[in-house]
Amino acid sequence: MLVPPIITKLPSIEGYPSGKMELSITLARVFCLRMANLFALIVTLYSRLTKLPYDCTGTVIGQELYKLVVMDTLVHLIGQLGINYIRYFWTQEKSEFVMSGPALVLIYRQGLIWVGTLACPLLPLVGVLSNLVFFHVNYRIVCDTCRPPLKRWSQSRNTAFLTAFLLVTLILIIIPISVVIGSKQIINLGQSSDCGPFGQEKPTSVYTKFQQQQPILLQQIMQWAVSDSVLLPLFLLLLAYIFYQRVLISGEKRHRLVLQAELLQETEDNAELLGKIQGHPSYS
(Lines give C-alpha, C1' and ligand atoms only; values in the text may rest on other atoms or scores of the structure.)
Protein backbone atom coordinates (compact mmCIF):
# COMPACT_ATOMS: atom_id res chain seq x y z
CA MET A 1 0.00 0.00 0.00
CA LEU A 2 2.86 2.43 0.69
CA VAL A 3 5.44 1.64 -1.99
CA PRO A 4 3.21 1.95 -5.13
CA PRO A 5 2.13 5.55 -4.31
CA ILE A 6 5.79 6.48 -3.85
CA ILE A 7 6.63 4.96 -7.25
CA THR A 8 3.77 6.84 -8.92
CA LYS A 9 5.17 10.13 -7.61
CA LEU A 10 8.63 9.57 -9.13
CA PRO A 11 7.67 10.56 -12.74
CA SER A 12 6.61 14.04 -11.57
CA ILE A 13 10.14 14.51 -10.22
CA GLU A 14 11.81 12.99 -13.30
CA GLY A 15 9.82 15.22 -15.68
CA TYR A 16 8.90 13.14 -18.72
CA PRO A 17 7.82 15.06 -21.87
CA SER A 18 4.56 13.17 -22.51
CA GLY A 19 1.83 11.62 -20.41
CA LYS A 20 2.04 8.36 -22.32
CA MET A 21 5.73 7.86 -21.55
CA GLU A 22 5.13 8.79 -17.93
CA LEU A 23 2.32 6.26 -17.58
CA SER A 24 4.26 3.50 -19.37
CA ILE A 25 7.30 3.82 -17.12
CA THR A 26 5.12 3.99 -13.98
CA LEU A 27 3.17 0.92 -15.06
CA ALA A 28 6.36 -1.03 -15.70
CA ARG A 29 7.75 -0.19 -12.26
CA VAL A 30 4.56 -0.99 -10.36
CA PHE A 31 4.06 -4.16 -12.43
CA CYS A 32 7.50 -5.49 -11.43
CA LEU A 33 6.70 -4.70 -7.81
CA ARG A 34 3.33 -6.47 -7.99
CA MET A 35 4.80 -9.56 -9.67
CA ALA A 36 7.52 -9.78 -7.03
CA ASN A 37 4.80 -9.56 -4.38
CA LEU A 38 2.77 -12.30 -6.09
CA PHE A 39 5.71 -14.68 -6.37
CA ALA A 40 6.67 -14.01 -2.75
CA LEU A 41 3.10 -14.94 -1.83
CA ILE A 42 3.31 -18.20 -3.80
CA VAL A 43 6.64 -19.17 -2.23
CA THR A 44 5.41 -18.31 1.28
CA LEU A 45 2.19 -20.25 0.78
CA TYR A 46 4.07 -23.28 -0.56
CA SER A 47 6.50 -23.21 2.38
CA ARG A 48 3.60 -23.02 4.81
CA LEU A 49 1.71 -25.87 3.16
CA THR A 50 4.67 -28.24 3.27
CA LYS A 51 4.82 -27.78 7.06
CA LEU A 52 1.14 -28.47 7.79
CA PRO A 53 0.52 -31.25 10.36
CA TYR A 54 -2.48 -32.53 8.33
CA ASP A 55 -2.84 -33.47 4.70
CA CYS A 56 -5.51 -31.06 3.42
CA THR A 57 -3.45 -28.53 1.51
CA GLY A 58 -6.01 -27.84 -1.24
CA THR A 59 -8.55 -26.51 1.24
CA VAL A 60 -5.93 -24.21 2.76
CA ILE A 61 -4.93 -22.89 -0.67
CA GLY A 62 -8.55 -22.11 -1.54
CA GLN A 63 -9.26 -20.45 1.79
CA GLU A 64 -6.12 -18.32 1.79
CA LEU A 65 -6.49 -17.06 -1.79
CA TYR A 66 -10.22 -16.43 -1.35
CA LYS A 67 -9.52 -14.32 1.75
CA LEU A 68 -6.65 -12.60 -0.05
CA VAL A 69 -8.82 -11.57 -3.04
CA VAL A 70 -11.58 -10.27 -0.74
CA MET A 71 -9.14 -8.39 1.51
CA ASP A 72 -7.28 -6.97 -1.51
CA THR A 73 -10.58 -5.61 -2.83
CA LEU A 74 -11.62 -4.09 0.51
CA VAL A 75 -8.22 -2.56 1.23
CA HIS A 76 -7.93 -0.90 -2.18
CA LEU A 77 -11.52 0.32 -2.11
CA ILE A 78 -11.11 1.88 1.33
CA GLY A 79 -7.74 3.31 0.33
CA GLN A 80 -9.06 4.83 -2.91
CA LEU A 81 -12.12 6.33 -1.23
CA GLY A 82 -10.23 7.62 1.78
CA ILE A 83 -7.27 9.14 -0.05
CA ASN A 84 -9.21 10.81 -2.88
CA TYR A 85 -12.19 12.15 -0.94
CA ILE A 86 -10.19 13.30 2.07
CA ARG A 87 -7.75 15.09 -0.22
CA TYR A 88 -10.62 16.69 -2.15
CA PHE A 89 -12.50 17.91 0.93
CA TRP A 90 -9.27 19.12 2.55
CA THR A 91 -7.95 21.11 -0.42
CA GLN A 92 -11.22 21.77 -2.32
CA GLU A 93 -9.25 21.13 -5.52
CA LYS A 94 -9.75 18.36 -8.03
CA SER A 95 -6.71 16.28 -8.89
CA GLU A 96 -5.74 14.28 -11.95
CA PHE A 97 -6.82 10.64 -11.99
CA VAL A 98 -3.76 8.34 -12.01
CA MET A 99 -4.66 5.40 -14.21
CA SER A 100 -1.59 3.30 -13.42
CA GLY A 101 -2.72 2.41 -9.88
CA PRO A 102 -6.16 0.91 -10.64
CA ALA A 103 -4.87 -0.83 -13.78
CA LEU A 104 -2.09 -2.62 -11.89
CA VAL A 105 -4.49 -3.50 -9.07
CA LEU A 106 -6.73 -5.29 -11.57
CA ILE A 107 -3.78 -7.13 -13.15
CA TYR A 108 -2.49 -8.23 -9.74
CA ARG A 109 -5.97 -9.39 -8.71
CA GLN A 110 -6.31 -11.34 -11.95
CA GLY A 111 -3.04 -13.07 -11.14
CA LEU A 112 -4.40 -14.06 -7.74
CA ILE A 113 -7.53 -15.45 -9.39
CA TRP A 114 -5.48 -17.50 -11.87
CA VAL A 115 -3.41 -18.94 -9.04
CA GLY A 116 -6.37 -19.77 -6.79
CA THR A 117 -8.97 -21.03 -9.28
CA LEU A 118 -7.71 -24.63 -9.06
CA ALA A 119 -8.29 -24.78 -5.32
CA CYS A 120 -11.31 -22.43 -5.22
CA PRO A 121 -13.48 -22.80 -8.36
CA LEU A 122 -15.78 -19.94 -7.27
CA LEU A 123 -12.88 -17.47 -7.19
CA PRO A 124 -13.50 -16.16 -10.78
CA LEU A 125 -17.06 -15.22 -9.77
CA VAL A 126 -15.71 -13.42 -6.71
CA GLY A 127 -13.24 -11.66 -9.00
CA VAL A 128 -16.00 -10.50 -11.37
CA LEU A 129 -18.03 -9.05 -8.49
CA SER A 130 -14.88 -7.45 -7.08
CA ASN A 131 -14.04 -5.81 -10.42
CA LEU A 132 -17.59 -4.48 -10.83
CA VAL A 133 -17.51 -2.86 -7.41
CA PHE A 134 -13.99 -1.55 -8.04
CA PHE A 135 -15.05 -0.02 -11.37
CA HIS A 136 -18.09 1.79 -9.94
CA VAL A 137 -16.11 3.14 -6.99
CA ASN A 138 -13.42 4.52 -9.30
CA TYR A 139 -16.13 5.92 -11.57
CA ARG A 140 -17.55 7.93 -8.67
CA ILE A 141 -14.06 9.04 -7.67
CA VAL A 142 -13.38 10.33 -11.20
CA CYS A 143 -16.73 12.13 -11.40
CA ASP A 144 -16.49 13.76 -7.96
CA THR A 145 -12.81 14.45 -7.27
CA CYS A 146 -10.86 14.42 -10.55
CA ARG A 147 -10.18 16.87 -13.37
CA PRO A 148 -8.96 16.32 -16.96
CA PRO A 149 -5.21 15.63 -17.24
CA LEU A 150 -2.79 18.45 -18.00
CA LYS A 151 -0.88 16.29 -20.50
CA ARG A 152 -3.76 15.29 -22.73
CA TRP A 153 -3.53 12.05 -24.66
CA SER A 154 -5.91 9.20 -25.35
CA GLN A 155 -5.46 6.72 -22.52
CA SER A 156 -7.91 4.37 -24.25
CA ARG A 157 -5.21 3.70 -26.87
CA ASN A 158 -3.00 2.27 -24.13
CA THR A 159 -5.11 -0.90 -23.98
CA ALA A 160 -2.51 -2.93 -25.89
CA PHE A 161 0.17 -1.96 -23.37
CA LEU A 162 -1.97 -3.06 -20.42
CA THR A 163 -2.97 -6.25 -22.23
CA ALA A 164 0.72 -7.04 -22.71
CA PHE A 165 1.22 -6.79 -18.93
CA LEU A 166 -1.72 -9.13 -18.43
CA LEU A 167 -0.21 -11.61 -20.92
CA VAL A 168 3.15 -11.49 -19.14
CA THR A 169 1.32 -12.15 -15.85
CA LEU A 170 -0.36 -15.21 -17.37
CA ILE A 171 2.94 -16.54 -18.71
CA LEU A 172 4.63 -16.09 -15.34
CA ILE A 173 1.71 -17.73 -13.52
CA ILE A 174 1.82 -20.80 -15.79
CA ILE A 175 5.05 -22.00 -14.15
CA PRO A 176 3.80 -22.30 -10.54
CA ILE A 177 0.39 -23.52 -11.74
CA SER A 178 2.07 -26.30 -13.74
CA VAL A 179 4.04 -27.30 -10.64
CA VAL A 180 0.83 -27.32 -8.62
CA ILE A 181 -1.02 -29.47 -11.18
CA GLY A 182 1.82 -31.96 -11.43
CA SER A 183 2.58 -32.16 -7.72
CA LYS A 184 0.92 -34.92 -5.73
CA GLN A 185 1.77 -33.11 -2.51
CA ILE A 186 -0.13 -29.96 -3.45
CA ILE A 187 -3.02 -30.73 -5.75
CA ASN A 188 -3.59 -34.30 -4.52
CA LEU A 189 -5.72 -32.58 -1.99
CA GLY A 190 -5.83 -35.01 0.89
CA GLN A 191 -6.61 -38.44 2.25
CA SER A 192 -10.39 -37.90 2.45
CA SER A 193 -12.82 -37.23 -0.39
CA ASP A 194 -14.19 -34.08 1.30
CA CYS A 195 -10.81 -32.31 1.39
CA GLY A 196 -10.67 -29.57 -1.23
CA PRO A 197 -12.65 -29.33 -4.48
CA PHE A 198 -11.06 -32.39 -6.12
CA GLY A 199 -10.66 -34.79 -3.22
CA GLN A 200 -7.87 -37.29 -3.80
CA GLU A 201 -7.68 -36.63 -7.54
CA LYS A 202 -6.00 -34.13 -9.82
CA PRO A 203 -7.94 -31.53 -11.84
CA THR A 204 -6.89 -33.29 -15.05
CA SER A 205 -8.60 -36.49 -13.90
CA VAL A 206 -11.95 -35.01 -14.98
CA TYR A 207 -10.79 -35.02 -18.60
CA THR A 208 -9.36 -38.53 -18.21
CA LYS A 209 -12.62 -39.90 -16.84
CA PHE A 210 -14.63 -38.20 -19.56
CA GLN A 211 -12.29 -39.66 -22.19
CA GLN A 212 -12.64 -43.18 -20.79
CA GLN A 213 -16.44 -42.97 -21.00
CA GLN A 214 -16.40 -42.30 -24.75
CA PRO A 215 -16.32 -44.80 -27.64
CA ILE A 216 -12.98 -46.20 -28.76
CA LEU A 217 -12.72 -44.01 -31.85
CA LEU A 218 -13.52 -40.84 -29.92
CA GLN A 219 -10.99 -41.82 -27.23
CA GLN A 220 -8.29 -42.11 -29.88
CA ILE A 221 -9.24 -38.74 -31.36
CA MET A 222 -9.17 -37.05 -27.93
CA GLN A 223 -5.83 -38.66 -27.10
CA TRP A 224 -4.42 -37.51 -30.44
CA ALA A 225 -5.76 -33.95 -29.87
CA VAL A 226 -3.64 -33.52 -26.72
CA SER A 227 -0.53 -35.23 -28.07
CA ASP A 228 2.78 -33.49 -28.84
CA SER A 229 2.27 -33.91 -32.59
CA VAL A 230 -0.77 -31.59 -32.38
CA LEU A 231 0.09 -29.20 -29.56
CA LEU A 232 3.58 -28.30 -30.81
CA PRO A 233 2.49 -27.31 -34.37
CA LEU A 234 -0.50 -25.48 -32.88
CA PHE A 235 1.83 -23.54 -30.60
CA LEU A 236 4.10 -22.67 -33.53
CA LEU A 237 1.11 -21.55 -35.60
CA LEU A 238 0.00 -19.35 -32.72
CA LEU A 239 3.45 -17.76 -32.53
CA ALA A 240 3.46 -17.21 -36.30
CA TYR A 241 0.02 -15.58 -36.11
CA ILE A 242 1.15 -13.29 -33.28
CA PHE A 243 4.26 -12.31 -35.29
CA TYR A 244 2.11 -11.68 -38.37
CA GLN A 245 -0.24 -9.44 -36.39
CA ARG A 246 2.73 -7.56 -34.97
CA VAL A 247 4.16 -6.95 -38.44
CA LEU A 248 0.73 -5.92 -39.73
CA ILE A 249 0.24 -3.41 -36.90
CA SER A 250 3.73 -1.95 -37.37
CA GLY A 251 3.04 -1.59 -41.12
CA GLU A 252 -0.22 0.22 -40.41
CA LYS A 253 1.60 2.56 -38.03
CA ARG A 254 4.22 3.39 -40.68
CA HIS A 255 1.47 3.93 -43.26
CA ARG A 256 -0.36 6.26 -40.88
CA LEU A 257 2.82 8.26 -40.27
CA VAL A 258 3.36 8.59 -44.03
CA LEU A 259 -0.22 9.80 -44.50
CA GLN A 260 0.18 12.30 -41.67
CA ALA A 261 3.40 13.62 -43.24
CA GLU A 262 1.71 13.93 -46.64
CA LEU A 263 -1.27 15.71 -45.09
CA LEU A 264 1.03 18.11 -43.26
CA GLN A 265 2.96 18.81 -46.46
CA GLU A 266 -0.25 19.42 -48.37
CA THR A 267 -1.46 21.79 -45.65
CA GLU A 268 1.79 23.75 -45.83
CA ASP A 269 1.59 23.91 -49.65
CA ASN A 270 -2.00 25.15 -49.50
CA ALA A 271 -1.05 27.79 -46.93
CA GLU A 272 1.85 28.94 -49.11
CA LEU A 273 -0.36 29.09 -52.21
CA LEU A 274 -3.02 31.04 -50.30
CA GLY A 275 -0.39 33.50 -49.16
CA LYS A 276 0.77 34.06 -52.75
CA ILE A 277 -2.80 34.61 -53.93
CA GLN A 278 -3.50 37.10 -51.16
CA GLY A 279 -0.28 38.97 -51.86
CA HIS A 280 -0.81 39.16 -55.64
CA PRO A 281 -2.37 42.48 -56.80
CA SER A 282 -5.77 42.22 -58.48
CA TYR A 283 -6.57 44.02 -61.79
CA SER A 284 -10.02 45.27 -62.67
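What share of the 284 residues of the protein counts as buried? With the whole chain displayed, keep in mind that this is a predicted model, and that 28% of the residues count as buried.

**The whole protein**

Begin with a cartoon view and follow the chain from the N terminus, where the elements run α-α-α-β-α-α-β-α-α-α-α, giving 9 helices and 2 strands. If you then switch on the surface, the accessible area comes to about 19200 Å², and 68% of that area belongs to carbon and sulfur atoms. Among the contacts between residues at least 6 apart in sequence, 71% join residues at least 24 apart.

The remaining stops are the salt bridges, of which the count comes to 3. Side chains of opposite charge can pair when their charged atoms come close.

**First stop: Glu64 and Lys67**

Select helix α3, residues 57–91, and show the side chains of Glu64 and Lys67, which both lie in this helix, 3 residues apart, or about one turn. The two form a salt bridge in which the closest N and O atoms are 3.6 Å apart. Lys67 counts as partly exposed, because its relative accessibility is 45%, and Glu64 also falls in the partly exposed class, with a relative accessibility of 22%; the cut-off for buried is under 20%.

**Second stop: Asp72 and Arg109**

Next, select Asp72 together with Arg109, a pair that forms a salt bridge with its closest N and O atoms 3.1 Å apart. Asp72 lies in helix α3, whereas Arg109 lies in helix α4, residues 100–116, so this salt bridge ties together parts that are 37 residues apart in sequence. With the surface shown, what should you expect of Asp72 and Arg109, buried or exposed? Both Asp72 and Arg109 are buried.

**Third stop: Arg140 and Asp144**

Finally, move to helix α5, residues 123–145, and select Arg140 and Asp144, which both lie in that helix, 4 residues apart, about one turn. Their closest N and O atoms are 3.0 Å apart, and the pair forms a salt bridge. Arg140 is partly exposed, with a relative accessibility of 41%, and Asp144 is partly exposed as well, at a relative accessible area of 25%.

**Looking back**

To see the salt bridges together, keep all the selected side chains on display: Lys67 with Glu64 within helix α3, Asp72 of helix α3 with Arg109 of helix α4, and Arg140 with Asp144 within helix α5.

Conventions:
Residues are numbered from 1 along each chain as its sequence is written. This is a predicted model: local features need pLDDT of at least 70, side-chain atom pairs count only at pLDDT 80 or more; totals for chains, interfaces and linings use all residues. Side-chain values use heavy atoms; hydrogens and water are left out. Buried means under 20% relative accessible area, exposed over 50%, partly exposed in between (1.4 Å probe, protein chains only). Contact means heavy atoms within 4.5 Å. Accessible areas come from the Shrake-Rupley method with a 1.4 Å probe; for residues, only the protein chains shown count as cover. A salt bridge is a side-chain nitrogen of Lys or Arg within 4 Å of a carboxyl oxygen of Asp or Glu.
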